[in-house]
Amino acid sequence: MSETTSINVEKKKPPLNGRRALPSNNSNDEENEVPEMEAFGLIPRGFNPKDYLHVVDINMFKEPHEINKQQHHTDKYYSPKLIVRRGQPFQIQIDFNRPYKPETDQFWLEFLIGRYPQQNKGTYIPVLVGDVLKPGEWGAKITHKENNSIHLSIVSSATCIVGKFRLYIAVWTPFGILRTQRNSATDTYILFNPWCQQDAVYLDDEKEREEYVLNDVGIVFHGNINDIKLRSWSYGQFEENILDACLFLMDKAELELSGRGNPIKICRVASAVINSKDDSGVIAGSWDNTYTYGVAPSAWTGSVDILLEYYSSKQPVRYGQCWVFAGVFNTFLRCLGIPARLVTNYSSAHDNNANLQLDFFLDDEGKVDTKITKDSVWNYHCWNEAWMSRPDLPVGFGGWQVVDGTPQETSDGMYRCGPASVQAIKHGHVCFQFDAPFVYAEVNSDIVYSRREKNGTQVIEKIDRTHIGQLIVTKEVGGDGMMEITEEYKFQEGSEEERLALETAVMYGVKKQTTQDTMYQPQTDVDMDFQVQKAVLGSDFKVTITFRNKSRNYYTATTYLSGNIVFYTGVTKNEFKKHSCLFSFLFLPSASAFDVVIKSSEYLSDLLDQASFHFFVTALIKETGKILAIQKATVLEIPTLRIKTQGELVAGKEMSVTVEFTNPLKQTLENVTLRLEGPGVLRTMKKEFSKIPTNSTLIWEVKCMPKRPGLRKLIASLNCDALRHVYGELNVQIQKP
């Protein structure tokens, strides 16, 4: 039997460079022409291909209810093509023009991907029919023969390329090879397989696989450490055309097809292509509260609209912030079969010079000097974790890996981050690729308050070692609750293990500035704290500052409160409240407290889209010249949308969904956009309202026909310049017809 190792490439070859025999093969979309008759030499007259075995039809068993999609957990994808996972057998049926005779007939299958298929690159795969299937290797065997038909069980390699393959069936004749015609109906998508032990993304817990691969909605935790808020996000990884859009992202990133079986490479290039910086990737970020010519980040309810818009326009979609980048990245990973989850780090450090220290500079009065303070504390920051083995690292660093599509700092010259092993971050082994020092700083930095004396010396007033990375969370498996994973990233604050991990990180090159003890002598006999009253957007609230005393001295303190409207990244837009007062107190074991009232008229006109405030309170103790400093972020309560359904909730039957909202502000809302979506129930719908007067209620009714039975989620958002981050959601149980 003659076996060809490479398929003829079409006549028009692009210009080559001197270094490689073939151009780079980095598009899943491009194809080559495959000859239907590949002659071994001169073909004698009278040769009729019909005299030999030839294929009449191929049945791929590709319907959602048929064996392949059921066994491979791909029945939810809205795609007419066959979708299977690698390393696991799938079934096809071949109908020939006559019964197949194994003694004389010879045929094999050919799987091709890209424009320049080569066997040694894994882009041209001839699969011979044998007697046994070896686990994790390409192979095929006949399981059933009947009349002119045969049933084949085919298994792909557990390390093969992930993407869309073209299938041909080749039959050997004495004069040449006969192939089936190009038929897109037999195209086969091969995905990662967390159910297969030989796959790099193997995950051994079925409940976790259902959550991290098959769940198409999730929760984004936002707000801040003292006031955790949550909202749903529709990943929609099974929706129509999303799989093709995700494969296009790898083409866009120009990842060689031969590298697309490796989840490490895929995550690294995807973290760059998810953001638009330096490669015109999927989402353009905007953190300045102006979203002209685009959609405000808070208005998106899921990833589907963003990915489909990018797939069709090939232009960055405007606009995103961290949870949007993370939401879309999660869709990409789950769609390809890589287990993934969205993670929120509260009080996340954005350390511009990666020295494990956020520097806040105070002026003479103890106020923060915004001109020279460059580091910032994000109220929260969202990234992703992807599950995979790390054969490129020492044993023990596989499992969850941090990947982050939000453009913060460059890595090897591009805005990307990860994959970085969570285990390596916890133990301080930040020498292991990729970007572990940056992630380590995000969860472990100290905040250092320092003041420049008149003679130019820098005096450190306070070091806060516990503010950063206080809480790291993700959605729980199988429910909508919160699961804390802080201890996956760091040891207990102040423990011996934590100190050892820090020393390890410093040894491996994380810069850590040392503070001389002589320079840092804090006031230890006074404690200062403050609490911000929980308040609804549009109402007044108060800040209570408390001093607690541990000595018998009598002191006077000048207290300064600065209230700032901030982006959730901790960057100040403006200071809306200044309050100074002289406060004398005798140091007794009791606490002294006083209130500062914040009126809604002071903040409403400048409020940003997450209703986020940041308060600095500093107190200068007159008798010792020492400064006490503390900072906290707070978020106002934002009103929610109410969602109701009417009619029977049955797959294939029309139902109606109503969204209601009452305007709580003392002003009319203008140019309001409502969005509603629910994977498997309805595609995203939008509605514009020109005005919603104070206290009036808007009602929007939508008719839809749910496609899939089961527990589904409806998600809605409301957006306008005066009010953003308004969400509503509803779980609905869709019955079988």
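This passage walks through a predicted model of one protein chain, from its overall build to a few selected spots.

Let's start with the whole chain. The C-alpha trace spans about 115 × 60 × 45 Å along its principal axes. Its secondary structure adds up to 11 helices and 40 strands. Of the 737 residues in the chain, 56% are buried. The accessible surface comes to about 30,900 Å², and carbon and sulfur atoms account for 49% of it. Contacts often reach far along the sequence: if we take those between residues at least 6 apart, 69% join residues at least 24 apart.

Next come the positions that UniProt picks out. An unreviewed UniProt entry gives the label "active site" to Cys322, His381 and Asp404. These residues span 83 residues in sequence, but no two of their C-alpha atoms are more than 10.0 Å apart, so they gather at one spot. Two of these residues, His381 and Asp404, can be followed in some detail.

His381 sits in strand S18, which covers residues 376-388. With a relative accessible area of 0%, His381 falls under the 20% cut-off and is therefore buried. Setting aside residues up to four places away in sequence, His381 touches Cys322 and Asp404, along with Val343, Thr344, Asn345, Ser348, Thr406, Gln408 and Glu442. In other words, the contacts of His381 include both of its partners in the annotation, Cys322 and Asp404.

Asp404 belongs to strand S19, residues 399-404. This residue has a relative accessibility of 2%, so Asp404 counts as buried too. How far apart are the polar atoms where the side chains of Asp404 and His381 make a polar contact? The distance is 2.8 Å. Beyond its neighbours within four places in sequence, Asp404 is in contact with a set of residues that includes His381, Cys382, Trp383, Arg416 and Glu442. Glu442 thus turns up in the contacts of His381 and in those of Asp404.

Strand S19 also comes up when we look at helix H2, which runs over residues 206-214. The buried residues of H2 are Arg209, Glu211, Tyr212, Val213 and Leu214. They pack against S19 and several other elements, among them helix H6 (322-336), strand S16 (340-350) and strand S3 (82-85). Strands S25 (471-475) and S26 (482-484) are on the list of packing partners as well. At the start of H2, a side-chain oxygen of Asp205 comes within 2.8 Å of the backbone nitrogen of Lys207.

A second group of annotated residues carries the label "binding site", again from an unreviewed UniProt entry: Asn444, Asp446, Glu493 and Glu498. Why can they be said to gather at one spot, given that they span 55 residues in sequence? No two of their C-alpha atoms are more than 13.5 Å apart, so the four come together in space. Asn444 is part of helix H8, residues 436-444. Its relative accessibility is 16%, so Asn444 counts as buried. Apart from neighbours within four places in sequence, Asn444 is in contact with Ile468 and Lys490. Asp446, in turn, lies in strand S23, and a relative accessible area of 8% makes Asp446 buried.

Strand S23 leads on to a sheet. S17, S23 and S24 line up in that order as an open sheet of 3 strands with mixed pairing. At the edges are S17 (357-362) and S24 (458-464), each of which pairs on one side only. From one strand to the next, the twist averages 25 degrees. S23 (residues 446-452) and S24 pair in the antiparallel sense over 6 bridges. One spot in this region to look for is Arg452, whose bridge partner in S24 is Gln458.

The last stop is Arg708, found in the loop between strand S38 (697-704) and strand S39 (710-720). Is this loop residue buried or exposed? Its relative accessibility is 11%, so Arg708 counts as buried. A polar atom of the Arg708 side chain lies 3.3 Å from the backbone oxygen of Lys76. The side chain of Arg708 also makes a polar contact of 3.4 Å with the side chain of Tyr78. Leaving out neighbours within four places in sequence, the contacts of Arg708 include Lys76, Tyr78, Asp216, Glu239 and Ile734.

Technical notes:
Residues numbered from 1 in each chain as written. Predicted model: local features only at pLDDT ≥ 70, side-chain atom pairs only at ≥ 80, totals over all residues. Heavy atoms only, no water. Pairing = 2+ DSSP bridges. Helix = DSSP H or I, 4+ residues; strand = E, 2+ residues; numbered from the N terminus. Axes fitted to C-alpha atoms, helices over the stretch in contact; angles between N-to-C directions. UniProt positions renumbered as here; feature names shortened; annotations may be inferred. Buried < 20%, exposed > 50% of the residue type's maximum accessible area, 1.4 Å probe, protein only. Contact = heavy atoms within 4.5 Å. Polar contact = N/O pair within 3.5 Å; in protein donor to acceptor, adjacent residues only side chain to side chain. Areas by Shrake-Rupley, 256 points an atom, 1.4 Å probe, with all protein chains shown as cover.
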